[in-house]
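Welcome, and please have your viewer ready. We will begin with the whole chain and then select a few places in turn.

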Amino acid sequence: MNDVQLLDCTLRDGGYINNWIWGFENARDIIATLVKADIDVVEVGFLRDIEKYDANITVCDSIEQLNCLLPEKYGNTIFSAMAMQSNYDLTKLTPFLGHGIEMIRVTSHDYDIEEGMRFARKVKEYGYKLSINPINIMGYSDDRVLWIIEQVNTIHPYQFSIVDTFGSMRRRDLERIVSLCDHNLDRDIRLSLHLHENMLFSYGLAQMFIDKHLNRPIAIDGSLMGIGRTPGNLPLELIADYLNDYEDKAYGIEYMMDSIQDYIANLRGKTEWGYTPVYFLSAKYNLHRNYAEYYLGKEDLTNRDINSILGGFERKKASCFDRDYADEKYYEYKNHEVNDLYDIIKLRNEIADKKILILAPGDTLTKHKYEIERFIEKEAPVVISVNFIPKLYKVDYAFFGNARRFIKCDEFNCKLIVTSNLVDAKADYKVNYSRLAGAFKEGFNSYIMLLKLLKEISADREITVAGADGYESNKINYGKEIVGIIPSHEEGYNIIVAKAVENLNLPIQYLTPTKYVIGDKV
């Protein structure tokens, strides 16, 4: 039989979902339940430099604080904590005294792996079982993995962990890396595996790892219901059940189910975890997941766009999130240049001396249908919609600056104006994104971009707007497209847009109620 240990990291890795605010009694109960389930190792939380201790949070700067969470009786279960050399002052660590947290797992990035090894060596001197967990093993060449193993053998920890940080590991990768480790790691060092769920491989890879029956002790990490920073971890209860069936283990699945029902399931929905296509893309290119999250938050990129951007990343930027670099690649992609001079002139000629009505998405397009129809009948304006094709009104032009909105439309019964970032869009007019984007310094807003375009081609002609209702919380806001900031409340966002409109210095008249005004201006 394998010498297999199962390590639960719910309170530590799962804390990314709730900012580690489990509540003192809840955390104690989860730990006690995992002990009843005979889990071999329970990771209690992070050791990290903090300003003030909070008993309800499983991030502490002393072993003694984390030890307060442990039950009096814990059978054969041992407890661990995780520390990263870059954010924990080891002078705060006290020596292991034979009780409480027994193992410390040390982690570090590729750019500070040497410092991480020195940190790990010091941790071992305090008497703890040491686990060395380098971040993103998939980011290292084979030669570099061998160098890491050489350092590990010199330090000789209790355990060495293969950590698939970005969830990019596949079967052949597991075969290669496990083979490298198994053939070169000292035989009495336990080999551990920590997987993420970017490509839905974690359960299969964990089974494959167990079924290799290595001639050494091994360990598997998991968390209840797979809770962890999106897209999550290997579900503890699944791999425990597999070990019960095939490795003669007797983990208490029923206790895990109780904890899931009482403490984990209700977190789902408040903050999601689990497979999503965009995290598959970050794994596909073995990139830090924050890049996927960052581009997902842009709200104007399709998954296809994100795939194109991530595919062009430099490898040296892969392992650590660099916001400036992410923005650089974003604007590089968006600023796909075209020769738009002819289209600008053509548009200017077509709408010269005509009144303009902009229809922006909003509930008021329905509520004020009578007033809008009367205006169209009386004034005979050129009607331009923004990022949608309205069903209630016939429009002359539709302006799209958002790829996600564009692909939702499958029928166009008007002329199309698109910005150049919609690279594959077939349109009557294509205008450079860079020509219009500067009008909204906070990021991206199609309504503002259209106003900027109209200012260029129609100077100071009066523009009438309907449907630009403004952002409102707790409702679908099709007009909310903002990049680079997250408004703390709806008024803040609406003021930002209103100021951007005001800065364009255009004579704008709102035909329907809007929140995009400052003070009593209409």
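## A walk through the chain

Start with everything shown: what you have open is a predicted model. The mean positions of its 62 positive and 78 negative charges lie 5 Å apart. Switch to a cartoon view, where the chain displays 21 helices and 16 strands. Along the principal axes, the C-alpha atoms fill a box of roughly 85 × 45 × 45 Å.

Now colour by accessibility. Of the 522 residues, 57% count as buried. The exposed area of the chain is about 23200 Å², with carbon and sulfur atoms supplying 48% of it. If you draw contacts with a separation of 6 or more, 71% of them come from residues 24 or more positions apart.

Next, select residues 190–194, which make up strand 8, and pick out Ser192 within this strand. Is Ser192 buried or exposed? Ser192 counts as buried because its relative accessibility is 0%, under the 20% cut-off. Show its surroundings too: leaving aside residues up to four places away in sequence, Ser192 touches Gln159, Phe160, Ser161, Ile162, Ala219 and Asp221.

For the last stop, go to the surface and select Glu25, Asp29, Glu254, Asp258 and Asp262, which together form a negative patch. Which helices each supply at least two residues of this patch? They are helix 3 (24–36) and helix 10 (253–264). Helix 10 gives the largest share, three residues. Finish by centring on Asp29, which sits in helix 3. Asp29 counts as partly exposed because its relative accessibility is 31%, a value between the 20% and 50% cut-offs.

How values were computed:
Residues numbered from 1 in each chain as written. Predicted model: local features only at pLDDT ≥ 70, side-chain atom pairs only at ≥ 80, totals over all residues. Heavy atoms only, no water. Helix = DSSP H or I, 4+ residues; strand = E, 2+ residues; numbered from the N terminus. Buried < 20%, exposed > 50% of the residue type's maximum accessible area, 1.4 Å probe, protein only. Contact = heavy atoms within 4.5 Å. Areas by Shrake-Rupley, 256 points an atom, 1.4 Å probe, with all protein chains shown as cover. Lys, Arg positive; Asp, Glu negative; His and termini not counted. Charge placed at Lys NZ, Arg CZ, Asp CG, Glu CD. Patch = residues over 30% accessible without salt bridge, like charges linked within 9 Å, V, L, I, M, F, W, Y side chains within 5 Å. Salt bridge = Lys/Arg side-chain N within 4 Å of Asp/Glu carboxyl O.
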